[in-house]
Amino acid sequence: MLSGMGPAAHLREHGIECIRDLPVGENLQDHLLVGLNFKVKPGKQPFSPLNRLTGGVLTGLVQHFLYGTGNLSFPPLHATAFYHSGLPGHDQSRGNDTQIHLTAFGAVNPTHVVKNFGMRPIGPKAAADLVDAIALIPIIVLPQSIGSLKLASSNPDDHPIIDPKYFSHPRDLEVMVEACKRCRRIAQTSPLSEVLEEDLEVQNDAEPIPYAPHSDEYLRELITRSAVTVYHPVGTAKMGAPGDVSAVVDPELRVQGVTGLRVADASVMPTVISGNTNAPSIMIGERCAAFLRT
């Protein structure tokens, strides 16, 4: 858009000459997650990052660097599952609409969570009460909410205005509520139920949620307060067939009406995929390289 390719009216607002009137910045889609922590019973967590000297961290470091084994040799996400929520309003032929991650140990530094994900800081009582836990992390992977990206000014040093419009489509919130309830059922099922005590949804001490903890209303409030991006934004330079007025690039990644310019990243995806965007983005880059060689 700073180069003059984007919605003509929006570019004129910032004094930018429009070279090509295209819907750049529209159709923004992203994945969302909510972290649900579940307290581990005393003596049932053999690896505890909370206790650096006695919690197995030093042993884990030795095992990892000398033998390539131990808890620190595993990725942070120990398991994942994809499934369909079963809620109406979605074509199941497009794939599963929900994902759940498992981390087998939790003790995340709240300061880092606030910095990396922009979550509200938790209150002092919640921080003091941090205990050994595992986390089940539900993710909406086929959201129907659509946002936008716009310029704040013509200055490239100014951050753009990103409005993902999370939960603007009501089905997305209900999918996440269902996913949180499923996570609770998983935690209450053997073998996890044998080592877990309770769920520990962390909330700001100054802003308690005014609903019963096991109600849908409680989960909706928890989700809208704590859901964060998975950093999978796509769609703002949508690929489309010739004649598609909502498209920015054609099926060979060429910017519509502009010679010698292609886009090869996740922004060309017409809709967000039901999984991580890294590998498909690499594939898009490889495909672009193939186009350039022919």
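The following questions and answers concern the fold, the enclosed spaces and one helix of a predicted model.

Reader: How many helices and how many strands are there in the protein chain?
Author: The model is predicted, and its secondary structure is a mixture of both kinds of element. Counted along the protein chain, there are seven helices and eleven strands.

Reader: Among contacts between residues at least 6 apart in sequence, what percentage join residues at least 24 apart?
Author: The protein chain has 294 residues, of which 39% are buried. When its contacts are restricted to residues at least 6 apart in sequence, the share that joins residues at least 24 apart is 67%.

Reader: What part of the accessible surface of the protein chain belongs to carbon and sulfur atoms?
Author: The accessible surface of the protein chain amounts to about 16,000 Å². Of this area, the part that belongs to carbon and sulfur atoms is 58%.

Reader: What is the volume of the largest cavity, and how do its lining residues divide by type?
Author: A search of the whole structure finds one cavity of 30 Å³ or more, and its lining includes Leu28, Asp30, Tyr166, Phe167 and Asp172. The lining residues divide into seven nonpolar, two polar and two charged, and the volume of the largest cavity is about 70 Å³.

Reader: Which residues lie nearest the centre of the second largest pocket?
Author: The second largest pocket has a volume of about 270 Å³, and its lining divides into eleven nonpolar, four polar and no charged residues. Of the 15 residues that line this pocket, those nearest its centre are Met1, Met5, Val24, Ala237 and Val263.

Reader: What distance does helix H5 reach from its first C-alpha to its last?
Author: Helix H5 covers residues 170-187 and has 18 residues, for which a span of 26 Å is expected at 1.5 Å a residue. The distance in the model is close to that expectation, at 27 Å.

Reader: Why does Arg171 count as buried?
Author: Arg171 has its place in helix H5, where the buried residues also include Asp172, Leu173, Val175 and Met176. The cut-off for a buried residue is under 20% relative accessible area, and Arg171 counts as buried because its relative accessibility is 8%.

Reader: Which residues does Arg171 touch, not counting residues up to four places away in sequence?
Author: Arg171 belongs to helix H5, and the question sets aside residues up to four places away in sequence. With those left out, the residues that Arg171 touches are His84, Ser85, Leu87, Pro88, Gly89, His90, Asp97 and Gln144.

How values were computed. Residues numbered from 1 in each chain as written. Predicted model: local features only at pLDDT ≥ 70, side-chain atom pairs only at ≥ 80, totals over all residues. Heavy atoms only, no water. Helix = DSSP H or I, 4+ residues; strand = E, 2+ residues; numbered from the N terminus. Buried < 20%, exposed > 50% of the residue type's maximum accessible area, 1.4 Å probe, protein only. Contact = heavy atoms within 4.5 Å. Areas by Shrake-Rupley, 256 points an atom, 1.4 Å probe, with all protein chains shown as cover. 1 Å grid on protein atoms, 1.4 Å probe; cavity = no way out; pocket = protein on both sides within 12 Å on 5 of 7 lines; lining within 4 Å. Points joined across faces, edges and corners; volume = space filled by probe spheres on them. Nonpolar A, V, L, I, M, F, W, Y, C, P; charged D, E, K, R; others polar. Expected span 1.5 Å × (residues − 1).
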